[in-house]
Amino acid sequence: MAHTCIHWFRKGLRLHDNPALVAALRDCKEIYPVFVLDPYSPNNVNIGINRWKFLIGALKDLDCSLRKLNSRLFVVRGKTDEVFPKLFQKWKVTRLTYEYDTEPFSLRRDKEVGRLAEEHGVEIIYKVSHTLYNIDRIIEENNGKAPLTYNRLQTLVSSIGPPKRPIPAPTCDDMKDVKTPCSEKHEENYGISTLEKLYQDPESLTEELFPGGEQKALRRLDQHMARKEWVCGFEKPQTSPNSLSPSTTVLSPYMTFGCLSARTFWWSLTDVYQGKKHSQPPVSLHGQLLWREFFYTAGLGIPNFDKMEGNPVCTQVDWDSNFEYLAAWAEARTGFPFIDAIMTQLRQEGWIHHLARHAVACFLTRGDLWISWEEGQKVFEELLLDGDWSLNAGNWQWLSASTFFHQFFRVYSPIAFGKKTDKNGDYIKKYLPHLKKYPAQYIYEPWKAPRSVQEAAGCIVGKDYPRPIVEHEVISKKNIQRMKAAYAKRSPHSSEESPGKKEKGRKHKAPSVVDMLMKKKL
Ligand code: FAD
């Protein structure tokens with residue numbers, strides 16, 4: 001039987017390495033590539049304008065690529081459980097394909113759509129391609145539990161073997177017997193939304209540094225892979241949080257939306273490494289992709305992973321509720337130029353370096369403001385182009401020393417940390433231009449500048465730029481004691497080691513990447 005298919009794009013906004021799309025084309029006479037846009041779905045309500053812009057770019061690019069295959073993208077607005085029954089009937093659909101998604105919200109949504117498909121006699125095919133490995137398989141190999149250490153994850157994936165090779169994008173030849181019926185009213189009925197239609201104000205946008213889309217992703221990947229020496233020598237702790245242009249790949253937004261396949265990234269790196277001396281996980285670029293697998297596995301295997309309460313591996317901490325502190329942090333008004341510059345970059349550009357995330361996350365939580373990591377997670381979710389449920393929750397738990405990382409006595413200084421890689425404060429001057437006339441001596445601590453220096457710089461602390469909201473030296477020591485008290489109450493089950501099988505023959509625990517970062521950069 002020749003099928004009428006819907007291929008449902010959610011993440012996975014690409015044609016390359018898209019096994020579910022390829023499965024849709026098998027024995028198929030008609031294909032409808034669909035993206036369901038539901039601005040009110042729980043995982044969309046908190047999205048900021050930069051991320052919407054990125055998504056619109058990615059959808060336009062996808063539509064453009066589909067046109068080259070004589071097909072089109074159908075953007076349908078509404079709730080998935082209302083949209084699909086209508087589409088199944090209207091187009092007489094017999095098969096629905098999509099990429100497997102491990103987030104709890106997606107699993108619930110897909111279960112409901114699966115039920116509706118069954119009711120309508122629609123066959124479902126889904127494939128794993130958002131991650132390097134089948135995350136369920138990793139958990140299975142670990143006796144049904146998510147590994148809680150990177151080493152354990154590495155052991156598990158080594159036993160599974162290398163990730164599958166990516167598959168090529170469909171060609172016109174693959175599409176020769178497949179049609180996409182389109183009416184003249186396609187744009188009107190199924191066109192890609194604009195920011196205005198999503199109630200976003202384009203006037204508030206700054207220059208788009210990382211435009212969305214598969215073509216942009218592949219070009220960015222190629223540009224990095226051409227820098228063979230850089231790729232082979234890549235060590236995350238050596239990269240800088242405050243360089244004026246990014247010191248890491250900035251492929252994360254493309255990975256989040258699936259404009260770039262993780263397996264394509266992995267195997268491109270393998271090709272570059274071939275026959276050359278190269279860095280190793282956890283600090284290498286392969287190592288970064290394994291961190292992604294690590295947090296995806298945790299996100300699937302640990303209940304309530306995005307919360308403290310009900311999350312069995314998360315240290316329970318008596319975080320304060322302090323709306324003023326939270327707002328000052330989120331709006332870049334803490335009075336610590338390094339922190340405020342990072343939060344400004346995040347708000348304007350939608351991306352900040354990993355170590356910059358370390359600095360602001362530590363500052364908000366256990367370092368200075370003693371505010372729950374869940375609050376930080378929400379702000380990042382709104383502002384990051386790469387906002388990713390599992391990665392965001394996992395890294396916030398790590399930085400707040402709630403889960404995975406337990407050296408809570410190591411606190412990032414909002415003054416000394418940035419100086420290590422940017423003595424002159426050029427990064428601060430770029431994002432906080434009102435401080436640009438400050439001499440290097442005071443740029444990280446403008447409140448220490450004599451009045452005459454503040455006047456000469458044209459920026460008076462307390463008037464033109466805020467005073468620091470806390471005294472770091474004092475508060476960080478107090479917070480370490482509060483953290484110590486929280487740790488004293490921890491149950492023995494929330495230990496660092498994986499509850500899975502014992503690792504054989506491993507005598508020394510390898511240092512974690514955060515260990516290395518902390519040792520090097522504090
Ligand atoms: P590169 O160093 O070039 O790494 C390549 C790829 O590896 C990245 O694109 C990403 O997919 C993956 N990767 C790198 N570091 C990590 C990591 N620590 N954990 C998991 N995957 C990683 N990353 C997100 O993609 N989405 C988030 O919502 C997110 N929230 C974070 C919140 C906090 C508090 C912290 C400390 C980190 C967070 N990260 C998040 C992880 C990391 O900071 C970014 O993935 C990375 O900075 C993206 O830049 P890049 O693409 O240049 O990374």
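Student: What makes a residue part of the surroundings of the ligand, and how many residues surround it?
Tutor: A residue counts as near a molecule if one of its heavy atoms lies within 4 Å of it. In this predicted model, 31 residues surround the ligand, and the closest are T248, T249, V250, H354 and D386. Local features need pLDDT of at least 70 and side-chain atom pairs pLDDT 80 or more, while totals for chains, interfaces and linings use all residues. Residues are numbered from 1 along each chain as its sequence is written, and side-chain values use heavy atoms, without hydrogens and water.

Student: Why is the pair formed by the side chain of T248 and the ligand called a polar contact?
Tutor: A polar contact is a pair of N or O atoms within 3.5 Å. An N or O atom in the T248 side chain is 2.6 Å from an oxygen atom of the ligand, so the pair meets that definition. From the backbone, an N or O atom of S252 lies 3.0 Å from a ligand oxygen atom, and a polar backbone atom of D388 is 3.0 Å from an oxygen atom of the ligand.

Student: How much of the ligand does the protein cover?
Tutor: Of the 820 Å² of accessible area that the ligand has on its own, the protein covers 99%. Accessible areas come from the Shrake-Rupley method with a 1.4 Å probe.

Student: Which elements give two or more residues to the shell around the ligand?
Tutor: They are α10 (252-256), α12 (285-301), α15 (354-367) and α17 (389-399); helices are DSSP runs (H or I, at least four residues), numbered from the N terminus. The most comes from α12, with 6 residues.

Student: What is the make-up of the shell by class?
Tutor: The shell has 16 nonpolar, 10 polar and 5 charged residues. Here Ala, Val, Leu, Ile, Met, Phe, Trp, Tyr, Cys and Pro count as nonpolar, Asp, Glu, Lys and Arg as charged, and the others, Gly among them, as polar.

Student: What makes the backbone at P282 and at A332 notable?
Tutor: Most residues other than glycine have a negative phi, and most peptide bonds are trans. The peptide bond from P281 to P282 is cis, with omega near 10°, and P282 lies in the loop between α11 (262-273) and α12. A332 is not a glycine, yet has a positive phi of about 60°; A332 is in the loop between α13 (323-330) and α14 (337-349).

Notes. A polar contact is a pair of N or O atoms within 3.5 Å; within protein, one must be able to donate a hydrogen and the other to accept it, and residues adjacent in sequence count only if both atoms are side-chain atoms.
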